[in-house]
Amino acid sequence: MQLSEQELRRRHEREELEKMGINPYPSETFDVTATAKEIKENFDKDKNNYQEVTLAGRLMSRRIMGKASFAELMDSTGRIQIYVSRDDIAPGEDKEMYNTVFKKMLDIGDFIGIKGNAFVTQVGEISVHVTELTVLTKSLKPLPIVKREVDENGVEHVYDAFSDPELRYRQRYVDLIVNPHVRDTFKKRSQLVSTMRNFLGDKGYLEVETPILQPIHGGAAARPFKTHHNTLDMTLYLRIANELYLKRLIVGGFDGVFEFAKDFRNEGMSRFHNPEFTVMELYVTYKDYNWMMDLVEEMVEKVALALHGKTEVQVGENVINFARPWKRYTMYEAIEHFTKIDISNMEEPELRQAAQQLGIHVDPTMGKAKIIDEIFGETAEPNLIQPTFITDYPVEMSPLAKKHRSKPGLVERFEAICNGKEICNAFSELNDPVDQRARFEEQLELAKRGDVEAMALDEDFLRALEYGMPPTAGLGVGIDRLTMIMTNSNSIQDVLFFPQMKPEKKDE
């Protein structure tokens, strides 16, 4: 491993600290009594509060001025200025703690602990006057130097930012250190999940966990990841959806169950797709898809209010308003609205002609459902910016949805589209085991034609349905997609701590 000059110097400093009897990686607890944000927000000069406080964090800058220095400490809440005087941290005759350790052995990125007193500098900046300093961690790699300047109008300008996506996603730990706004994105993601979890829990629905390793990949049309269980000598699949297991729990007697789940699909990658993604699925008995649309509106509106304090969210150039009610189209209405072509009564040959007329490529393996999905995805979906429900899909597209009560050939299904992408999918769930078996068999025929995403036939799930599943509404919400919108993020990689990456190229 080749080391840079800085890396070699930091390793030397680590050795020198040890020779001085200072452990650069101590084991003892360091009790923190305040944070940077807390002090900056609550310090009162007249009350003289925050005296003899202890803080810990990374050293992010230093201005050494002989016997005294100003530096900047960053903890998980933000940055605060600290004032370090030689005679305060080294009160006796031995001045090594300041002259050698602080001035020569510490670098940007090192973790230190300090004890001191809050005060206001002559220029009005809340700071901490350090009386004790402890080395907590010596960093051996230098951080990217991100320069920040505030102009005369109070606007902050950033120079030499750590902005290369390849580096940011691969070294997320560095990204989080030097780009504080990235941490804010993930805090909002956590808040989004908590808001949804509390919303559903308050309604009395039970949060559950279902298997990730499954003997049959079911619940969605997608290509699975495959693995092998050595002890059982059997093929297993990483789940592509948790739907069929959650429905088994509805059969078992629960009135409402939900799960925040990691799902896996062995498909293409883009700024909207990651092979590993997070979904929230919900199933509630004695409800239908109309009821579920109302619940989605209420829940997502609540998420927007929790994250932003209002229903309007800036997403790129658009201001998206999640206030209820949302616009509603049937799938055929949406296609006709944007193409002026009515495909509602077309069979497969006519659909192929319509796709060709619209300049949409379809291949011989695609059945009627896939062609309709392609037409919708190319012509209608990108134009749906404000939250919109698309309802009443062709039966061929939805093997797990109940047939429409009044529209032959359709199913009771909706997707919510926002900013040109699907954020959730829901059905009046199919609970007729005879109809469900026929739908699965149709999927098997599509698989024979070469459709690698066709669903497998799950005999145990059919057996569960034969014991009887009550009328049920089901919902799946893409947490990553929803987070992208709620945080104005351009790529799914921006809302995943560790997105899937190509193997890192190693230097020879």
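## Helix H1

Four residues of H1 are buried (under 20% relative accessible area with a 1.4 Å probe, protein chains only): Glu 7, Arg 10, Glu 13 and Leu 17. They span an arc of only 115° around the axis, so they sit on the same side of H1; that arc is taken from the directions from the helix axis to the C-beta atoms. Helix H4 (96-105) is part of what covers them, with contact meaning heavy atoms within 4.5 Å.

Turn to the face pointing away from that buried side and you meet Glu 5 and Lys 19, both exposed (over 50% on that scale). H1 itself takes in residues 5-19, 15 in total, and reaches 21 Å from first C-alpha to last, close to the expected 21 Å (1.5 Å times one less than the number of residues). After H1 comes Gly 21, with a positive phi near 85°.

## The open sheet

Eight strands make up an open, mixed sheet, ordered S8-S12-S13-S20-S19-S18-S17-S16. Strands are DSSP E runs of at least two residues, helices H or I runs of at least four, numbered from the N terminus; two strands pair if DSSP finds at least two bridges between them. S8 (206-207) and S16 (327-330) are the edges: each has a single partner strand, so one side of each lacks a neighbour in the sheet.

S13 (residues 276-285) and S20 (residues 472-478) run antiparallel, joined by seven bridges. Glu 281 stands opposite Gly 476 in S20.

## About the model

This is a predicted model, where local features need pLDDT of at least 70 and side-chain atom pairs 80 or more, while totals for chains, interfaces and linings use all residues. Numbering starts from 1 along each chain as its sequence is written, and side-chain values use heavy atoms, leaving out hydrogens and water.
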